[in-house]
Amino acid sequence: MMDFSGIRKFFEPKPIGALRSQEVVRRHPSNPILTYKDIPYSSALVFNPGVCKVKDRYVMVFRNDFGSFQEKTLEGTNLGLAYSTDGVSWNVEPAPLDFPPVVDDFLRVYDPRLSVIDGKIYMTFAIDTWHGIRAGIATTEDFEGFEILHLSTPDNRNIVLFPEKVKGLYARLERPFPVYGRLGLERFDMWISFSPDLRYWGDSQLLLGVEDVPFANIKIGPGAPPVKTDKGWLVIFHAVDIDPSRGKNGWEETWTKRYTAGVMLLDLKDPTKVLGVCKEPLIVPEETYEISNGFRNNVVFPTAALLEDGELKIYYGAADTVICLATAKVEDLISLCLRS
Ligand code: BMA
């Protein structure tokens with residue numbers, strides 16, 4: 001009989017304490033750049049946006065949990081669509097996206113990410129179903145119709161696509177939740193998989209374990225879709241630490257987690273090789289809109305990163321309530337990854 005008590009002890013989360021954002025990161029002065037007040041239909045929480053650029057126009061698909069912000073009530077989740085000419089001020093379309101219930105046991109779709117590969121727009125997303133949480137990939141021409149290319153088996157979430165093929169294959173990062181295999185504990189890692197056609201995925205490998213991220217004590221996950229730089233694929237991911245002493249921190253009775261953003265660099269030719277991970281978090285919840293008045297305070301959840309003129313625009317959900325933007329010079333981010 002195997003004795004798992006030693007492993008369980010190793011897995012028990014140890015509190016991490018105070019953390020600080022890196023100085024190379026600048027939060028945009030207009031933060032939060034999108035809130036429920038900007039939405040022309042029912043909306044309470046607006047967060048976790050996918051962002052891409054199509055023909056010089058920024059496009060955003062965001063998660064919209066609707067209900068009443070004032071009364072702290074939620075009725076459902078849909079996806080909103082917005083356009084921008086500067087990536088900061090957004091015009092929200094008059095109605096939510098008409099995203100189809102892609103399976104018979106569909107409950108809701110959320111946490112979209114956007115990618116453009118060979119001129120085609122792809123959206124990855126999570127769906128809750130009666131039989132578990134699945135991650136999906138769809139393609140769209142105009143955000144009016146979607147062709148579903150892939151739905152993972154449960155439980156999986158946070159699929160992000162590389163913006164081009166690597167060694168002739170499409171590549172993705174993802175975060176399965178193997179609860180049984182982690183002894184019933186919430187302790188999950190980041191994986192990488194490959195596909196010839198975006199439909200069939202395999203050659204899955206562990207990319208980064210929780211134990212590789214000193215500011216996480218329960219789970220990590222993608223993140224923004226990887227960004228190509230001349231030094232490697234730059235990946236902005238999320239990291240979660242838990243501390244039972246945090247107690248009530250938002251709408252729910254208890255919320256003891258903190259979500260931070262981290263950064264790592266993967267080898268351009270072989271992205272299963274991690275060239276470096278910044279040992280400290282990149283963005284830590286610190287600003288009012290990240291730590292207070294939110295559904296779940298203490299959450300920075302990065303979901304998009306666009307590289308323009310040497311600067312990375314990082315979009316993230318703050319406190320699961322609003323959408324924010326932070327920027328950093330790409331060379332500073334690369335140096336952080338390769339520093340230690
Ligand atoms: C994750 C997802 C995200 C959310 C985050 C923080 O597990 O559910 O949608 O932003 O938790 O609550």
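Around the ligand in this predicted model you will find a shell made up of Phe-47, Asn-48, Arg-63, Asp-111, Arg-157, Lys-219, Trp-255, Tyr-259, Arg-296, Phe-301 and Asp-320. Sorted by character, that shell holds six charged residues, four nonpolar ones and one polar one. As for where the ligand is placed, it occupies the largest pocket.

Three members of the shell deserve a look at their side chains, and the table sets out how each one meets the ligand.

| Residue | Atom in the side chain | Atom of the ligand | Distance |
|---|---|---|---|
| Asn-48 | polar atom | oxygen | 3.0 Å |
| Asp-111 | N or O atom | oxygen | 2.5 Å |
| Arg-296 | N or O atom | oxygen | 2.9 Å |

How much of the ligand does the protein bury? Taken alone, the ligand exposes 310 Å², and the protein buries 92% of that area.

Now to the cysteines. A disulfide is a covalent bond between the sulfur atoms of two cysteines. How many disulfides does the model contain? The count is zero.

Two cysteines help to fill in that picture. Cys-278 takes part in no disulfide, and the nearest cysteine sulfur belongs to Cys-337, at 6.4 Å. A pair counts as a disulfide only if the two sulfur atoms lie within 2.5 Å, so the 6.4 Å between Cys-278 and the sulfur of Cys-337 does not qualify. Is Cys-278 buried or exposed? Cys-278 is buried, and its relative accessible area is 0%.

Cys-324 is likewise in no disulfide; here the nearest cysteine sulfur is that of Cys-52, 20 Å away. With the cut-off at 2.5 Å, this pair does not count as a disulfide either. Cys-324 is also buried, with a relative accessible area of 0%.

Definitions and conventions: Residues are numbered from 1 along each chain as its sequence is written. This is a predicted model: local features need pLDDT of at least 70, side-chain atom pairs count only at pLDDT 80 or more; totals for chains, interfaces and linings use all residues. Side-chain values use heavy atoms; hydrogens and water are left out. A residue is near a molecule or strand if one of its heavy atoms lies within 4 Å of it. A polar contact is a pair of N or O atoms within 3.5 Å; within protein, one must be able to donate a hydrogen and the other to accept it, and residues adjacent in sequence count only if both atoms are side-chain atoms. Accessible areas come from the Shrake-Rupley method with a 1.4 Å probe; for residues, only the protein chains shown count as cover. On a 1 Å grid over the protein atoms alone, a cavity is a set of points where a 1.4 Å probe fits but cannot get out, and a pocket is an open set with protein on both sides within 12 Å along at least five of seven lines; lining residues have an atom within 4 Å of a point. A molecule sits in a cavity or pocket if more than half of its atoms lie within 2 Å of its grid points. Ala, Val, Leu, Ile, Met, Phe, Trp, Tyr, Cys and Pro count as nonpolar, Asp, Glu, Lys and Arg as charged, and the others, Gly among them, as polar. Buried means under 20% relative accessible area, exposed over 50%, partly exposed in between (1.4 Å probe, protein chains only).
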